[in-house]
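Here are some short exercises to work through with the model open beside you. Try each task before reading its solution.

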Amino acid sequence: MIDWYKQYKGLLFRLAYQLTGSVADAEDAVQDVFVKLHHVDTNRITEPKAYLCKMVTNRCMDHLKSAKHRREQYVGPWLPEPLSLLAQDDYEGIIQQDLLSYAMLVLLERLTPSERIVFVLREALCFDYPVIAQLTNKSETNCRKLMSRAKAKMGVSEEDLHHRELQDEEWMQQFILSLTKGQVDNVVSLLAEDVVLISDGGGKVSAALRPIRTRDFVSRFLFGIIRKYNANNASLEVTTHNGECCIVFREHDQIASVYFLHVSNGKIQNIYIMRNPDKLAHLT
């Protein structure tokens with residue numbers, strides 16, 4: 001069992017994380033699965049990878065069903081918890097190429113639990129449909145239909161799935177410089193006309209309770225934030241979470257917020273701001 005843990009914990013964690021959108025819940029799911037293995041005759045398991053993935057999938061299905069009600073009671077928009085790959089030393093199997101983009105994780109919230117599971121198994125972990133059917137106890141035809149519905153709900157094309165327009169550190173630094181220098185025209189030129197900004201404070205810190213739309217309102221919001229952070233002597237830096245460059249605001253050496261930028265056709269299409277301290281506590 002120790003060998004299984006070393007071999008599959010990375011795979012199981014990234015499966016659970018992308019199904020739940022929570023680092024803590026993913027860790028709990030992986031640990032719970034291996035605890036339950038103590039009551040199973042592992043000598044009778046011929047395909048451990050499939051068996052363990054099925055256990056994690058079932059555990060996460062239960063979580064997703066219960067999470068729906070909790071998120072309906074959530075204050076403001078709910079965003080996935082950022083993931084620091086450097087902090088996940090126990091899950092060395094996690095690499096950037098194995099993770100959906102943060103923007104894609106946000107879109108997963110539109111799906112039913114079954115649709116989300118099929119999408120993650122197919123797009124994040126690249127499992128074939130016969131394997132997905134086995135893991136979900138559904139027919140291969142049904143899995144294909146769930147995948148089709150998932151992509152339609154998310155509004156993503158095949159090109160979106162296989163082409164990630166990620167920005168490098170230099171580009172992010174230039175964006176920060178434009179904000180801090182008050183270069184309104186530069187910032188506005190980087191925003192798509194229909195840009196959307198979503199912030200998650202969880203009712204614990206100040207955050208926009210509804211999405212902010214259009215580049216005029218988004219740019220005003222961003223410059224308002226910069227003025228506030230300048231007044232508090234906060235620092236800005238570019239770092240990497242979820243395998244992507246992102247912007248981190250620090251106050252008193254503590255991370256106060258993390259900004260993910262979703263860029264499409266050279267313009268910022270979405271800005272996701274995580275401010276909920278409970279979802280930032282594990283970051284450094």
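**Exercise 1. How many cavities of 30 Å³ or more does the count give?**

Before starting, note that this is a predicted model, in which local features need pLDDT of at least 70 and side-chain atom pairs count only at pLDDT 80 or more, while totals for chains, interfaces and linings use all residues. Residues are numbered from 1 along each chain as its sequence is written, and side-chain values use heavy atoms, with hydrogens and water left out.

Step 1. Fix the rule: on a 1 Å grid over the protein atoms alone, a cavity is a set of points where a 1.4 Å probe fits but cannot get out, a pocket is an open set with protein on both sides within 12 Å along at least five of seven lines, and lining residues have an atom within 4 Å of a point. Points are joined across faces, edges and corners, and a volume is the space filled by probe spheres set on them.

Step 2. The count comes to one cavity of 30 Å³ or more. The largest cavity holds about 60 Å³ of space.

Step 3. Its lining consists of Phe175, Leu179, Leu222, Ile225, Ile226, Leu236, Ile247, Phe249 and Tyr259. These divide into nine nonpolar, no polar and no charged (Ala, Val, Leu, Ile, Met, Phe, Trp, Tyr, Cys and Pro count as nonpolar, Asp, Glu, Lys and Arg as charged, and the others, Gly among them, as polar).

Step 4. α9 (169-180), α11 (215-231) and β4 each supply at least two lining residues (helices, H or I of at least four residues, and strands, E of at least two, are DSSP runs numbered from the N terminus). α11 gives the most, with three residues.

**Exercise 2. Place β4 in its sheet.**

Step 1. Six strands form an open sheet of mixed pairing, in the order β2-β1-β6-β5-β4-β3 (two strands pair if DSSP finds at least two bridges between them). β2 (212-213) and β3 stand at the edges with a single partner strand each, so one side of each has no neighbour in the sheet.

Step 2. On one side, β4 runs antiparallel to β3 (residues 235-241), joined by seven bridges. Threonine 240 stands opposite cysteine 245 of β4. Two residues separate the strands of this hairpin, and asparagine 242 in the turn has a positive phi of about 55 degrees.

Step 3. On the other side, five bridges join β4 to β5, again antiparallel. Phenylalanine 249 has serine 257 as its bridge partner in β5, and isoleucine 247 has tyrosine 259. This hairpin also has two residues between its strands, and histidine 252 takes a positive phi near 55 degrees.

Step 4. Six of the eight residues of β4 are buried (under 20% relative accessible area; exposed is over 50%, partly exposed in between, with a 1.4 Å probe and protein chains only), so β4 is largely enclosed by the rest of the structure.

**Exercise 3. Describe the largest pocket.**

Step 1. The volume of the largest pocket is about 850 Å³.

Step 2. Its lining has 34 residues, with Ala103, Leu107, His262, Asn270 and Tyr272 nearest the centre. Elements giving two or more residues include α4 (102-107), β5 (254-264) and β6 (267-274).

Step 3. By type, the lining divides into 18 nonpolar, nine polar and seven charged residues.

**Exercise 4. Which residues does serine 206 contact beyond its neighbours within four places in sequence?**

Step 1. Serine 206 lies in the loop between β1 and β2 and is partly exposed, at 45% relative accessibility.

Step 2. Its contacts (heavy atoms within 4.5 Å) are Lys228 and Arg275. Arginine 275 is 69 residues away in sequence, yet 8.0 Å away in space, C-alpha to C-alpha.
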